[in-house]
Every structure is written in C-alpha cells, then in structure tokens.
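Reader: Please take a close look at the salt bridges here, and then go through what surrounds them. I work at the bench, so keep it plain and give the cut-offs.

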Amino acid sequence: MEKSVEKGLDYYIEKMFNIEEMEAETYSPLVLAYIGDCIYDLIIKSWIVSAGNRQVHKMHEDTSAYVQASTQSLMMRKMQEHLTQEEHTVYRRGRNAKSVSPAKNQSITDYRRATGFEALLGYLYLKKEYQRLTELVKIGLDSLAERGED
C-alpha cells in the first residue's frame, strides 16, 4: 500500500496562486519583517484559539499581549543565544533597517529588536525552514513563561 504524503498549507497557496519559489536572501529586511509579522501573528492566534472557544474580544486581548514590540523584544533577547551566524545576520539587518513608520507606544529599542525578530521569522518562512522557525518562537515563548509573563 502506498503511503500518501501530507502537504502543508504553503503547498496549496503556492499552487493555487502560482507563487514561484522565493529567494529569501534577495528581499529587504522590511519585506522580510512584513511577512514575518503575519507568520508570527498566525502562530500566536492559532495557539490562542487552541485554548478553547471563547469570546473573540478576550482572544484578541490575549493575542495583543504577545504581538506587541516589547514582548517580541523580550523573546528575541532569549532567542539570540540560539541563533546561527546566518540567522543572526538576518536579525541584525532587520533590527538596523530604517522604518518609515515610527514606533507606536514602544521604545525605539524594542521596536527595532521586534523588527529584527519579524525579519528573521519572515526569512525562515520564505526559506521554508518551518521547523526552525517554530523552534525559535517556542524558545521565545518559553522565556516569557520563565519570567512569569505567560
């Protein structure tokens, strides 16, 4: 009997919308942060929803606590010690990128560190390194739990 190979959501998105293979290295750090923000948001919302059916407003409040720049900055501080040289380079490029929009209700340091965090996630996503991406997010989330912020 032939075993079927399960395909991920990325496979169907690429096929349905004729998305060509993307070379993550060719994208600007802000473009990487743009897609990385979406990926991180999806991870957090999936995690929040998995806790059970409840009011959307409450889920939004819980999600907001994780997606703000200050929280991403805290996570990135712990994640940094686990990065490869390549990952650190991508993070640093994202952190140092000059954004058009100013930080809203966040320190510039947190905002820039969060931009590096999102750029790294976007890079790993475009490279289809999903396991590594989720490992790093898990390290960051675990560090929040250790601090009692979870």
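Author: Counting a salt bridge as a side-chain nitrogen of Lys or Arg within 4 Å of a carboxyl oxygen of Asp or Glu, the total comes to 11 salt bridges. The model is predicted, so local features need pLDDT of at least 70 and side-chain atom pairs count only at pLDDT 80 or more, while totals for chains, interfaces and linings use all residues. Residues are numbered from 1 along each chain as its sequence is written, and side-chain values use heavy atoms, with hydrogens and water left out.

Three of the pairs can be taken helix by helix. Helices here are DSSP runs (H or I, at least four residues), and strands would be E runs of at least two, numbered from the N terminus. In helix H2, which covers residues 29-50, Lys45 is bridged to Asp41, and their closest N and O atoms are 3.2 Å apart. The two residues are 4 apart in H2, about one turn of the helix. Lys45 has 41% relative accessibility and therefore counts as partly exposed; buried means under 20% relative accessible area, exposed over 50%, and partly exposed in between (1.4 Å probe, protein chains only). Its partner Asp41 is also partly exposed, at 23%.

H2 also holds Asp37, a position that UniProt marks as "active site" in an unreviewed entry. UniProt positions are given in the numbering used here, feature names are shortened, and annotations may be inferred rather than shown by experiment. In the model, Asp37 has a relative accessible area of 33%, so it is partly exposed.

Helix H3 (residues 56-67) contains both Asp62 and Lys58, again 4 residues apart and about one turn of the helix. Their salt bridge has its closest N and O atoms 3.2 Å apart. Lys58 counts as partly exposed because its relative accessibility is 37%.

The third pair is in helix H7 (residues 130-146), where Lys138 and Asp142 are 4 residues apart, about one turn of the helix. The closest N and O atoms of this bridge are 2.8 Å apart. Lys138 is partly exposed at 47%, and Asp142 is partly exposed at 32%.

Beyond the pairs there is a network of salt bridges that links Glu14, Glu21 and Lys128. Lys128 sits in the loop between H6 and H7 and is partly exposed, with a relative accessible area of 31%. Its phi is positive, about 60°, although it is not a glycine. Asn18 is another residue other than glycine with a positive phi, near 50°. It belongs to the loop between H1 and H2, and at 63% it is exposed.

That loop also carries Met22, which is partly exposed at 30%. Met22 belongs to a nonpolar surface patch with Leu9, Ile13, Met16, Phe17 and Ile19, and together they have about 600 Å² of accessible area. Patches are made of residues with over 30% relative accessible area and no salt bridge; like charges are joined within 9 Å, and nonpolar side chains (Val, Leu, Ile, Met, Phe, Trp, Tyr) within 5 Å. Accessible areas come from the Shrake-Rupley method with a 1.4 Å probe, and for residues only the protein chains shown count as cover.

Now the interior. A nonpolar core is a set of buried Ala, Val, Leu, Ile, Met, Phe, Trp, Tyr and Cys residues joined through side-chain atoms within 4.5 Å. The largest one has 27 residues, and those with the most contacts inside it are Tyr40, Met75, Leu120 and Leu141. At least two core residues come from each of H2, H3, H4, H5, helix H6 (108-126) and H7. H6 gives the most, with 7 residues. Outside the four nearest places on either side in sequence, Leu120 is in contact (heavy atoms within 4.5 Å) with Met76, Met79, Leu83, Glu87, Val90 and Leu136.

Two loop positions complete the picture. Gln80 is in the loop between helix H4 (69-79) and helix H5 (85-96); it is partly exposed at 26% and, setting aside neighbours within four places in sequence, contacts His88 and Tyr91. Ala97, in the loop between H5 and H6, is buried at 14%. Not counting residues up to four places away in sequence, Ala97 touches Pro29 and Leu30.
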